[in-house]
Amino acid sequence: MAWVNAIIQGVLTGGLYALFACGLSLMFGVMKVVNLAHGDLAVVAGYIAIGVIAVTHIPVLWSFLIVVPVMALLGYVLQRTIFQGALDRSVLTTLLVTFGLSVVIENGLLQFFTANSRAIGTGLPLVTGSFSLGSQIQIAYLLVVIFAVAVVVLLGLQYFLSASKYGRLIRAVADDKEAAQLAGADYRHVFGIAAALAFGTVALAGIAYGMYSQLSPTTGTDTILLFAFAAVVIGGLGSLWGTLVGGVVLGVAQQIGAQINISDEVLAGYLVFLAVLVLRPQGLTTRRAQS
Amino acid sequence: MTLPAVKGDGEVGGERPDSGTPLLDVRDLVVHHGQLRALDAVSLRVLPGEVYAIIGANGAGKSTLLRTIAGLHHPTAGSVLFDGKDVTRLRPERRARQGIVLVPEGRRLFGSLSVEENLRVGAAYGRPGPWTIERVYQMFGWMQERRSQPTAQLSGGEQQTLAIGRALVANPRVLLLDELSLGLAPVVVQRIYGMLPQIMATGLTVLLVEQDVSQALRVASHIQCLLEGRTTLEGRPADVTADQVEAAYFGLAPAASSGQTGEGSEP
């Protein structure tokens, strides 16, 4: 029964990891930006949520209504300014720029908010409550909600990308930005829209993690970014549903590791990550690179 | 830059009617690829309703010329005027929206999009006009039947046709066609060039680049030959001899006495 529990908990945690990962995957898939500040931006979103809740007294669960648009706007602006500037030089420059951004954000947060960790909405019944399955399995409402949010986000992204005008343009630009220009599309603007989408998911990831656990200025790189990377690689680069598969595999591996020895939780996740890199570098859900 | 100055400046050949503003007026274009001078003071004037063909061997600068007109390369010197307005500094997407639409070499379809989605992207920023996705479907029945297929499942000729369709739905004023015949069987090339009259009937102007000289001579109302980035011959297909074309194409010394149409057309 303990194993069943580990698997259930792992699958649900996978929803959280998918939320971490889908924005990273989108940014890489469309503009080939490996955003090393991804996790830090999620922490920023979490801190914004804490601030918004404190100032406006808006219900904790609805804070995303403000934080998501704010982060999406930030994404558009960052893409049109420093990310695009880096892309115009070389893809490698984007690594340096996003790494620099990560350092700046982390130290900025340390400077202004100290190293103390904070949580969002502690004490809320939804955050702390759980229900039982049988006698040994306890499932937190929050994890179920986060998993559902992740699925809704992925469905929404998929619908947007496949059915809307801008979704089509995002895919076209990802395929061949020069050909898209010849069709009259300003790829910089389209990149900005893709970044806004990615940052919207980053905002949800930050809020979700702030409720699930605690945020501190270093959480972005030592947890969110690493788990997001692992989920993306396990699931397959550039595949949206792959991030959910990758997240679930990572989550289950961690829970099974913890079942064997509580100190092996994180290690087990990375062992699976390494195994996928060695045995199936294209990820679980993507086929071998097409010609 | 004023329009009257255009009249009668460098018309040595003289047989082309000089009346009317050229739709596309390229003046002394110089383009470098790094150190290499890919285009060296190339000029051309495309009149409305014309099929203007650029011929030349590999590496003559034909594609560079079209890509510069479309805005994908920045010239070192010279200018591109479209309908009398200087567009030399405009970004490629702005030129496309104004009606300069390039069908690039190698087709460059969007591989993860379906046939119809490719057309929709083509139409997304297009000008209003006679060409719609429906009209393209009427012209090419197979396209409608296979609208939801990925483009990788199309044959080379079908891909080229789709690339042309994607450009047409933007309702271009001047359609730039880069090396349509590349990698296609002669029969297929014939069929694609066979569509040209139908396309021209909607009031388009075409500037095309072609390695296959006989094909170009057959469809064009005006030809211009490039060799190593320079114009070596210019004129109406009826007015140039095979010897002249051969000399201009391969850079041989002009055969015998006939030299008056080529060479001298640069100011």
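**Exercise 1. How many of the 30 residues of α1(A) are buried?**

Solution. This is a predicted model, so treat each step as a reading of a prediction.

- Start with the extent: helix α1 of chain A covers residues 2-31, which is 30 residues.
- Then count burial: 22 of those 30 residues are buried, so the helix is mostly covered.
- Now check the span. From first C-alpha to last, α1(A) reaches 43 Å, close to the 44 Å expected at 1.5 Å a residue.
- Don't take that for a perfectly straight rod, though: α1(A) has a kink of about 30°, centred on Ala21(A).
- Finally, look just past the end of the helix, where Lys32(A) takes a positive phi of about 60°.

**Exercise 2. Work out why Tyr270(A) is classed as partly exposed**.

Solution.

- Place the residue: Tyr270(A) sits in helix α12 of chain A, residues 265-279.
- Count its neighbours: 16 other C-beta atoms lie within 10 Å of Tyr270(A).
- Apply the cut-offs: 20 or more would make a residue buried, 12 or fewer exposed, and anything in between is partly exposed. With its count of 16, Tyr270(A) is therefore partly exposed.
- For a distance to check on screen, try Leu226(A): it is 44 residues away from Tyr270(A) along the chain, with 9.4 Å between the two C-alpha atoms.

**Exercise 3. Describe the side of chain A that touches chain B**.

Solution.

- Get the head count: 16 residues of chain A are in contact with 23 residues of chain B.
- Ask which elements of chain A give two or more residues to that side: they are α7 (165-175) and α8 (177-182).
- Pick out the main contributor: α7(A) has the largest share, with six residues.
- Sort by character: this side of chain A divides into seven nonpolar, two polar and seven charged residues.
- Add the predictor's own scores for the complex, an ipTM of 0.88 and a pTM of 0.89.

**Exercise 4. Decide whether α3(B) is enclosed or open, and find what covers it**.

Solution.

- Tally burial first: seven of the 10 residues of α3(B), residues 115-124, are buried, so the helix is largely enclosed by the rest of the structure.
- Name some of them: the buried set includes Val115(B), Leu119(B) and Val121(B), along with Glu117(B) and Asn118(B).
- Look for the cover. Within chain B, it includes α4 (133-139), α5 (141-145) and α6 (156-168).
- Then cross to the other chain: α7 and α8 of chain A are also part of that cover. You met these two helices in Exercise 3, on the side of chain A that touches chain B.

**Exercise 5. Trace the surroundings of strand β3(B)**.

Solution.

- Check burial: six of the six residues of β3(B), residues 51-56, are buried, so the strand is largely enclosed.
- Split the strand by face: Val51(B), Ala53(B) and Ile55(B) are buried on one side, and Tyr52(B), Ile54(B) and Gly56(B) on the other.
- Take one strand partner: five bridges join β3(B) to β8(B), residues 205-210, running parallel. Here Tyr52(B) has Leu207(B) as its bridge partner.
- Take another: β9(B), residues 222-227, is also parallel to β3(B) and joined to it by five bridges. Gly56(B) pairs with Leu226(B) there.

**Exercise 6. Find where confidence drops in chain B**.

Solution.

- Begin with the chain as a whole: its average pLDDT is 88, and 87% of residues score at least 70.
- Look at residues 1-15, where pLDDT stays under 50 and the model has 19 contacts beyond four places in sequence.
- Do likewise for residues 255-267: pLDDT again stays under 50, with 29 such contacts.

Conventions
Residues numbered from 1 in each chain as written. Chains lettered and ligands numbered in written order. Predicted model: local features only at pLDDT ≥ 70, side-chain atom pairs only at ≥ 80, totals over all residues. Helix = DSSP H or I, 4+ residues; strand = E, 2+ residues; numbered from the N terminus. Contact = placed C-beta atoms within 7 Å. Nonpolar A, V, L, I, M, F, W, Y, C, P; charged D, E, K, R; others polar. pLDDT = per-residue confidence, 0-100. Expected span 1.5 Å × (residues − 1). Bend = angle between axes of the 7 residues up to and from the residue. Pairing = 2+ DSSP bridges.
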